[in-house]
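Biologist: I've got this one open on my screen and I keep getting lost in it. Could you take me through the sheet in detail, and then show me what else is worth a look around it?

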Amino acid sequence: MKRRDILLGLALLPQLIQQATAKSVASSNFAKLKGLRIWSAPDSTRLVLDLSRPVKHQVFPLTNPDRLVIDLQDCQWSASLPNPAKSYINQIRFGVRQKRDLRLVLDLNQTVQPRSIALRPSGEYGHRLLIELKNAEKKQKPLTAQQYEQPGKLRDVVVAIDAGHGGEDPGAIGGKGSREKHVTLAIAKALATEINRRRGMKAVLIRKSDYYIPLRKRVTLARKARADLFISIHADAFKDKRARGASVFALSRRGASSEQARWLAKQENSSDLIGGVSLDDKDQVLASVLLDLSQNESIRQSMDLASGVLGKLGRVGRLHSKKVGQAGFAVLKSPDIPSILVETGFITNPTEEKNLNSRNHRAKIAKAIASGFDQYLQRNPIAGTRLAAPTATRSQYVVSGGDTLSGIAVKYRVSIASLKRHNKLRSDRLRVGQVLRIP
């Protein structure tokens, strides 16, 4: 290289450094789109964008074909594309417009109603932008005559089972990485199986897979299912990691019954901050909660239900508290449905995390909770249901394939001994078509 070229390069060096610095500063002014996640629920799809900082954004739909455009101002792509399977999204495309803004285009498989919510850092997450896509074509079906209660016709007791957390909200996380949202769903499904085994009872799962449902909507879904009883399943953590044992809670209108109840209620009620929820429907919920007389009676019944469930759980394992706790859990604020929240154990405790991941242990928890419901319904029969009907309506049972004496005894809430004595049976063997008289 000639000496003249070297001198020229040295002369230009400050200018080159200044240009590189300017580019670096300009790049640092951009926000980063660090990640995308898709959560699919039965009636909506949620796209969550992880951002390095808040950004100005614009969301608008396009038709023929259906698409949704998301513009992020002063933002750079730094993420991988998620798999949009089983959602309203067929494909996600992105590009840069005006050299500064990032544009995402969602190719949709149907018309949607979009809504965007900017979320501040919460829990394990930083700044996020939530894009919620609701089915614009779905219309509320009018109730038919068959869906209304018919006078004189007996019905099942409906139990709404709510698996806590889900989707964007993992809940508490154990030392081995277990996520509360997965544990609660597994226990909820086991409990639904136990409930459905019982004559005169029907279980309704509020959440059926891994997606988030706002706390208020959980109550709304229970009401739509015309639930008689409501239970929310959790496996939470406490700030003291030595905490262990199951607990059962009911709603309190005056304050928490203990430090633990106050702390847990704060954690559970903040779930909407993580899941991403608009608060534009709060007036309707507040109006329902202000039905004081109805709410007070519901709390009284909830305490009775919680007491029975707590006693049965004490036979499965250790209890964190031998008394029913009370706090202002948002998910329990139904004014006319007895509602309880069960902490099945603390996922931050190594022993209990292992137990909560055991199918056998979860089955024991489910059976204990179902037994608590049995006890409550025996003391508090619900008018118009099969369980409250006179014994004449259940006087006999025809044996079918797979039936066992113990299963029939559980179904009708009688003992095996009384079944055998009432039918003069000398053994537990049954034959298909055999008619048993129910005591």
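Modeller: Let's start from one residue and work inwards. Thr193 has a relative accessible area of 49%, and partly exposed covers the range from 20% to 50%, so Thr193 counts as partly exposed. Keep in mind that this is a predicted model. Thr193 sits in helix 2, and in space its C-alpha is 9.6 Å from that of Ala363, although 170 residues separate the two in sequence.

Now for the sheet itself. Six strands make up an open sheet, and if you walk across it you pass them in the order 11-10-12-15-13-14, with mixed pairing. Strand 11 (201-205) and strand 14 (325-327) are the edges: each has a single partner strand, so one side of each is left without a neighbour in the sheet. From one strand to the next, the twist averages 30°. Helix 2 (residues 180-197), where we found Thr193, packs on this sheet and touches strand 10 (157-163), strand 11 and strand 12. The direction of helix 2 makes about 160° with that of strand 11.

Where does strand 15 fit in? In the strand order, strand 15 comes between strand 12 and strand 13. Towards strand 12 (residues 229-234) the two run parallel and are joined by 5 bridges; in that pairing His234 stands opposite Glu343 of strand 15. Towards strand 13 (residues 247-251) the pairing is antiparallel, with 3 bridges, and here Phe249 has Leu341 of strand 15 as its bridge partner.

How buried is strand 15? Strand 15 (residues 339-343) is mostly covered, with 5 of its 5 residues buried. Try colouring its two faces separately: Ser339, Leu341 and Glu343 lie on one side, Ile340 and Val342 on the other, and both faces are covered. So you'll meet Glu343 twice, once as the residue opposite His234 and once as a buried residue on the face it shares with Ser339 and Leu341.

Carry on to the edge. Strand 13 pairs with strand 14 in the parallel sense over 3 bridges, and Ala250 has Gln326 in strand 14 as its bridge partner.

There's a second bit of strand pairing to see, around strand 1. Strand 1 (residues 31-41) is mostly covered, with 8 of its 11 residues buried. Strand 1 and strand 2 (residues 44-51) run antiparallel and are joined by 8 bridges. The two form a hairpin, with 2 residues between them, and Trp39 stands opposite Arg46 of strand 2. Strand 1 also pairs with strand 5 (residues 75-77), this time in the parallel sense over 3 bridges; there Ala31 stands opposite Cys75.

Last stop, further along the chain: a pair of helices. In helix 10 (residues 405-412) the buried residues are Leu405, Ile408, Ala409 and Tyr412. They span an arc of only 100° around the axis, which puts them on the same side of helix 10. If you wonder about the spacing, an α-helix has 3.6 residues a turn, so residues three or four places apart point the same way. What covers that buried side includes strand 16 (396-398), helix 11 (416-423) and strand 17 (435-437). Right after helix 10 comes Arg413, with a positive phi near 55°.

How do helix 10 and helix 11 sit against each other? Their axes come within 9 Å and cross at roughly 105°, which makes helix 10 roughly perpendicular to helix 11. On the helix 10 side of the contact you'll find Leu405, Ser406, Ile408 and Ala409, meeting Ile416, Leu419 and Lys420 of helix 11. Sorted by type, the contact has 5 nonpolar residues, 1 polar and 1 charged.

Helix 11 has a buried side as well. Its buried residues are Ser418, Leu419 and Asn423, and their arc of only 115° around the axis puts them on the same side of helix 11. They pack against helix 10 and strand 17, and strand 17 is also part of what covers the buried residues of helix 10. Helix 11 is followed by Lys424, whose phi is positive, near 55°.

Key
Residues are numbered from 1 along each chain as its sequence is written. This is a predicted model: local features need pLDDT of at least 70, side-chain atom pairs count only at pLDDT 80 or more; totals for chains, interfaces and linings use all residues. Side-chain values use heavy atoms; hydrogens and water are left out. Buried means under 20% relative accessible area, exposed over 50%, partly exposed in between (1.4 Å probe, protein chains only). Helices (H or I, at least four residues) and strands (E, at least two) are DSSP runs, numbered from the N terminus. The arc is that of the directions from the helix axis to the C-beta atoms. Contact means heavy atoms within 4.5 Å. Two strands pair if DSSP finds at least two bridges between them. Axes are lines fitted to C-alpha atoms, for helices over the stretch in contact, and angles run from 0 to 180 degrees between N-to-C directions. Angles under 35 degrees count as roughly parallel, over 145 as roughly antiparallel, 65 to 115 as roughly perpendicular and the rest as oblique. Ala, Val, Leu, Ile, Met, Phe, Trp, Tyr, Cys and Pro count as nonpolar, Asp, Glu, Lys and Arg as charged, and the others, Gly among them, as polar.
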